Amino acid sequence: MKIWNKRWSTLCLASMILIAGCGSSQGVEAPTKDNGSKTDKKITYDMFFSLGIPEYPENGGEAKEKIIQGLEKAGLQNIDYKVTLMGSEYTTKLNLLASSGELPDFFGVDTTTLTQFIDQGLLMPLDDLLKDAPHLMKVIPKERWEGVTFDGKIYAIPSGVREESFNSPNTNGLLMRQDWLEHAGLNQPTTLDELHDVLSAFVNNDPDQNGKKDTYGLGGSKTSQFNVVFGAFGVSPTFWMERDGKIVKGFTLPETKDALAVLQQWYKEGLIDPEFPVMETKQFETRVTNSKVGAFEYDAFSVDPKGATLPEALVKATPTAKLTMITPPKGPGGKLGYPEVNPYAGGALKSISAKAEQPEKLIQLLDWSVSDDENGGVNLLTYGEENVDYTYDKEKNLIVQTSTYSELYQKGFSNPVRFVQVVDRRWTNENVRAALDTASKDLIKNELWKTVPAQLDYPDLENKLWLEYFVKIVTGTWSIDKYDEFVQKYYQQGGQEIEKQANEEWSKSK
């Protein structure tokens, strides 16, 4: 990717905030050999992550000694770490540290910050270092490296994925009240037409058997996009889709207009909760737990009432309630799918400061942290001590956690010290694993995850313009023909430049 120009150069800030634990590496001189050269030098790596976990002790807790011992057992000597967690103010604090020349050694970045920091020369290229990191290269899918490669060099470490199928990053799909289906005498829908009939039954046939017409078919909140309907036409509106040898935004394609027409008709028939455009997430979840909606897009973990908050509350209110994840229904052309998850979102990317000392050692630490070899660190960092914090059933490939996450955090284990995120769901039961497989089987792919500069020049095109037309067309405030006006406005107001830059990036990756 062409490195951004100087408009994204050094941030000018009037004040500086110094954060305890962040800054350059702390080195301790070791004795020298007879010839005067220095032996291995003990080093503490400062790490800075966007996690809000107040239980994690500033000194690393009792886990630190065990983690250091694990490193030494694996042959990695004189390595220490200090983790600082920041929570909601993370990006602001990180930019202040960058402007003051005090970046931590290892820290999380989003795609926008990654590009800015590369332009400013703040990040270390990782290609040579990764040659000696076999476990990182094994656990991180090859295609994920493309999104962090700029001008031929790798500048960040993406998250990894264990090989089991239930570890796919894609967890969301269409959940449905199985007990309502059974009450209506219906099977799980396999097509859009069948889904329409199911939603109609959920609205009109008193599925909660309270004698009132007070239920909705498809529920959602103001962030909902009803992906399952767009997927039935082979698109995801905000994704880059390949057409005729180039990529275009999904919301510019005629298939999107077809999906909008379906949603508008369903809304008109009362099959969609009419308040979804103004509904906050908590309000929407209350609708679900109060048995007011029969289908909604949510995560696969919710099929287990013992393992997630929403289904637990639902079953507490209605003991006979049962949620199931359905295969995405096919559209008129036989297409189907859920949108794939952004593999670079949610703090998944980590970078090394250009000023970090002994980066070779840091890479060794990171490589050990994802290894499940005999002396590897992934289980220790993620779950704590075996037979103390968890047990492992090798035959079932099942982790049973005996310490809660809060207890693990207090000790200094789990997410704060999962230096490189690796999707690992060996703690899930068979029902959840089946639902996760369903959520990840049929996916709509995004051809480009990188952020191009023009997207920041024209941020309102996706965040406001598309959402305005989406809501007003679905709710019938505007006719379906207004969609053509949206496409025209998109290209006139900056979409043409965004598409041009995106295709330049996409062609390089090809």
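This briefing walks through aromatic pairs, a four-stranded sheet and the surroundings of one tryptophan. The model is predicted, so please read every value below as computed from that model. Across the structure there are 26 aromatic pairs. An open sheet of four strands has helices lying across some of its strands, among them helix 7 and helix 10.

**Aromatic pairs**

- A good place to begin is the pair formed by F48 and Y90, whose ring centres are 4.7 Å apart. Their planes meet at 35 degrees, so this pair counts as tilted.
- F48 belongs to strand 2 (residues 42-49) and Y90 to helix 2 (residues 90-99), so that the pair links parts of the chain that are 42 residues apart. Both F48 and Y90 are buried.
- Another pair to look for is F230 with W466, which is edge-to-face. Here the distance is 6.4 Å centre to centre, with 65 degrees between the planes.
- This second pair also joins distant parts of the chain: F230 sits in helix 8 (residues 227-231), W466 sits in helix 17 (residues 460-474), and they are 236 residues apart.
- F230 is buried, its relative accessible area being 0%. W466 counts as buried too, because its relative accessibility is 1% and the cut-off for buried is under 20%.
- F230 and W466 are also members of one aromatic cluster, together with F251, Y469, F470, W478, Y483, F486, Y490 and Y491.

**Charges over rings**

- K64 places its charged end over the ring of Y81, at 4.9 Å from the ring centre.
- K350 does likewise with F49: the charged end of K350 sits over that ring, 5.2 Å from its centre.

**The four-stranded sheet**

- Reading across the open sheet, the strand order is 9-12-8-13, and the pairing is mixed.
- At the edges are strand 9 (216-218) and strand 13 (323-326), each of which pairs on one side only.
- On average, neighbouring strands of this sheet are turned by 35 degrees against each other, direction ignored.
- Strand 8 (residues 172-177) and strand 13 run antiparallel and are joined by four bridges. To find a bridge partner for yourself, start at R177 and look for L323 in strand 13.

**Helices across the sheet**

- Helix 7 (residues 192-204) lies across strand 8, strand 9 and strand 12 (293-299). Relative to strand 9, helix 7 runs at about 155 degrees.
- Helix 10 (residues 281-289) lies across strand 9 and strand 12, and its direction makes about 130 degrees with strand 12.
- Which residues of helix 10 are buried? They are F284, R287, V288 and T289. Their cover includes strand 9, strand 12 and helix 11 (309-317).
- After helix 10 comes S291, which has a positive phi near 60 degrees.

**Around W180**

- W180 is part of helix 6 (residues 178-184). With a relative accessibility of 1%, W180 counts as buried.
- Setting aside residues up to four places away in sequence, W180 touches F202, P207, D208, T215, Y216, S291, K292, V293 and G294.
- One of these contacts is D208. W180 and D208 are 28 residues apart along the chain, while their C-alpha atoms are separated by 7.3 Å.
- Another contact is S291, the residue with positive phi that follows helix 10.

Terms used. Residues are numbered from 1 along each chain as its sequence is written. This is a predicted model: local features need pLDDT of at least 70, side-chain atom pairs count only at pLDDT 80 or more; totals for chains, interfaces and linings use all residues. Side-chain values use heavy atoms; hydrogens and water are left out. Rings of Phe, Tyr and Trp (its six-membered ring) pair if their centres lie within 6.5 Å; planes under 30 degrees apart count as stacked, over 60 as edge-to-face and the rest as tilted. Helices (H or I, at least four residues) and strands (E, at least two) are DSSP runs, numbered from the N terminus. Buried means under 20% relative accessible area, exposed over 50%, partly exposed in between (1.4 Å probe, protein chains only). A charge sits over a ring if NZ of Lys or CZ of Arg is within 6 Å of the ring centre and within 35 degrees of the ring normal. Two strands pair if DSSP finds at least two bridges between them. Axes are lines fitted to C-alpha atoms, for helices over the stretch in contact, and angles run from 0 to 180 degrees between N-to-C directions. Contact means heavy atoms within 4.5 Å.
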